[in-house]
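Hi everyone, thanks for coming. I'd like to walk you through one structure today, so let me put it on the screen.

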Amino acid sequence: MSTFYIVATPIGNLEDISKRALRIISEVDLILCEDTRVTKKLLDHYEIKTPTLSYHQHSKLRKIEYILDLLQHNKNLALVSDAGTPGISDPGNKLIKRIIELLSNQVKIVPIPGPSAVTCAASISGFSMDKFIFMGFPPTKKKRKKFFEEIINSKYPVIFYESPYRILKSLNELKNISLALGIELQVVVCRELTKKFETIYHGTIEAVIKRIEKDEIRGEFVVAIKRKR
Ligand code: SAM
């Protein structure tokens with residue numbers, strides 16, 4: 001029986017990794033990485049010499065078959081993404097599905113939990129997060145209006161991911177749709193969580209947009225948003 005570990009890695013600060021995660025990625029036969037160059041920085045930092053292989057959303061069937069073959073030959077593998085938890089807006093689910101379908105009697109799938117930008121943002125939002133909705137990235141072309149309407153109409157807080165190139169565009173679209181609907185929005189925009197330039201913007205969507213416009217728009221963003229009562 002082989003083991004396929006799904007290992008969460010830091011979303012910025014390299015200290016945010018569990019002892020168990022470090023032990024597992026040191027002990028496995030191979031680490032599957034979304035981008036081997038990104039994971040190398042983590043491995044070098046902790047002086048881990050485990051071999052790596054790239055596995056990402058565009059990996060060909062041949063690569064998947066190779067990975068399944070390794071597992072059938074009792075190799076223990078770890079899957080990591082560039083940052084955070086594999087499978088959360090990141091590669092992993094397709095491969096796990098294949099393993100469950102084809103090798104469930106031969107492979108044990110083990111999660112090694114840790115950081116994720118969504119839980120990190122939820123934890124500091126100050127919103128009641130007993131129930132919340134995670135919507136990943138907004139679509140970049142079609143169905144954007146529908147996506148934002150769904151957020152505005154949600155009775156629970158919503159969290160979504162956004163790139164620095166589109167953060168203001170998305171916030172402005174949300175603002176305009178909410179104004180048209182007569183709904184006030186409270187937002188928490190988290191930039192560069194756990195990193196040197198970590199910034200948290202709280203307030204009404206109008207106020208947060210003004211503050212972000214004044215700053216340099218760089219880095220990674222997560223948005224938590226809810227209707228103001
Ligand atoms: N699997 C990852 C996780 O568990 O958080 C998410 C991967 S997704 C491809 C990358 C997006 O997550 C970024 O574009 C950004 O929206 C968000 N993100 C990741 N790290 C972040 C950070 N340190 N600060 C803010 N947002 C971050």
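Let's start with the largest pocket, which holds about 950 Å³ of space. Please keep in mind throughout that this is a predicted model.

Where does that pocket lie with respect to the domains? Domain 1, residues 2-112, and domain 2, residues 117-227, both contribute residues to the lining, so the largest pocket lies between them. The lining is made up of 37 residues. If you want to find the centre on your screen, look for Glu34, Asp82, Ala83, Asp90 and Glu220, which are the lining residues nearest to it.

Which elements supply at least two residues each to that lining? They are α2 (36-45), β7 and β10 (221-227). Of these, α2 deserves a special mention, since it gives the most to the lining of the largest pocket, with four residues. For those of you thinking about chemistry, the lining divides into 17 nonpolar, twelve polar and eight charged residues.

Let me zoom out for a moment. The protein has 229 residues, and 46% of them count as buried. Its secondary structure comprises eight helices and ten strands. Along the principal axes, the C-alpha atoms fill a box of roughly 60 × 35 × 30 Å.

Now to the aromatic rings, my favourite part. How many aromatic pairs does the structure hold? There are five, and I'll take you through two of them.

In the pair of Phe137 and Tyr161, the ring centres are 5.6 Å apart and the planes meet at 65 degrees, so this one is edge-to-face, the cut-off for that being over 60. Phe137 sits in the loop between β6 (133-134) and α6 (144-153), while Tyr161 belongs to strand β7 (residues 158-162), so the pair ties together parts that are 24 residues apart in sequence. The two partners have their own surroundings: Phe137 counts as partly exposed at 45% relative accessibility, whereas Tyr161 is buried, with a relative accessible area of 9%.

The next pair is Phe147 with Phe160. Here the centres of the rings are 6.1 Å apart and the planes are at 90 degrees, so this pair is edge-to-face. It links distant parts of the chain, with Phe147 in helix α6 and Phe160 in strand β7, 13 residues apart. Are these two residues buried or exposed? Phe147 is buried, at 9% relative accessible area, and Phe160 is buried as well, at 0% relative accessibility.

Going back to Tyr161 for a second, that residue forms one aromatic cluster together with Phe134 and Phe137. There is also a charge to look at beside a ring: the charged end of Lys226 sits over the ring of Phe127, 5.4 Å from the centre of that ring.

On to the backbone, for the people here who like a Ramachandran plot. Most residues other than glycine have a negative phi. Which residues have a positive value without being glycine? I'll show you two of them.

One is Lys143, with a phi of about 65 degrees. Lys143 is found in the loop between β6 and α6, and its relative accessible area of 64% makes it exposed. Another is Glu192, where phi is near 55 degrees. Glu192 has its place in the loop between β8 (185-191) and β9 (199-204), but this residue is buried, at 13% relative accessible area.

Finally, a couple of spans across the chain, in case you'd like to try the distance tool. Pro86 is in the loop between β4 (77-80) and α4 (93-103), and it counts as buried at 8% relative accessibility. From Pro86 to Phe221 there are 135 residues in sequence, and their C-alpha atoms are 18 Å apart in space.

The other span starts at Leu22, in helix α1 (residues 19-27). Leu22 is buried, with a relative accessible area of 17%. Its C-alpha atom is separated by 23 Å from that of Lys196, a residue 174 positions away along the chain.

If you take one picture away with you, let it be the pocket: it lies between domain 1 and domain 2, and α2 gives the most to its lining. Thanks for listening, and I'm happy to rotate the view for anyone who'd like a closer look.

Definitions and conventions
Residues numbered from 1 in each chain as written. Predicted model: local features only at pLDDT ≥ 70, side-chain atom pairs only at ≥ 80, totals over all residues. Heavy atoms only, no water. Phe/Tyr/Trp six-rings, centres within 6.5 Å; stacked < 30°, edge-to-face > 60°. Buried < 20%, exposed > 50% of the residue type's maximum accessible area, 1.4 Å probe, protein only. Lys NZ or Arg CZ within 6 Å of the ring centre and 35° of its normal. 1 Å grid on protein atoms, 1.4 Å probe; cavity = no way out; pocket = protein on both sides within 12 Å on 5 of 7 lines; lining within 4 Å. Points joined across faces, edges and corners; volume = space filled by probe spheres on them. Nonpolar A, V, L, I, M, F, W, Y, C, P; charged D, E, K, R; others polar. Domains from an automatic or database assignment.
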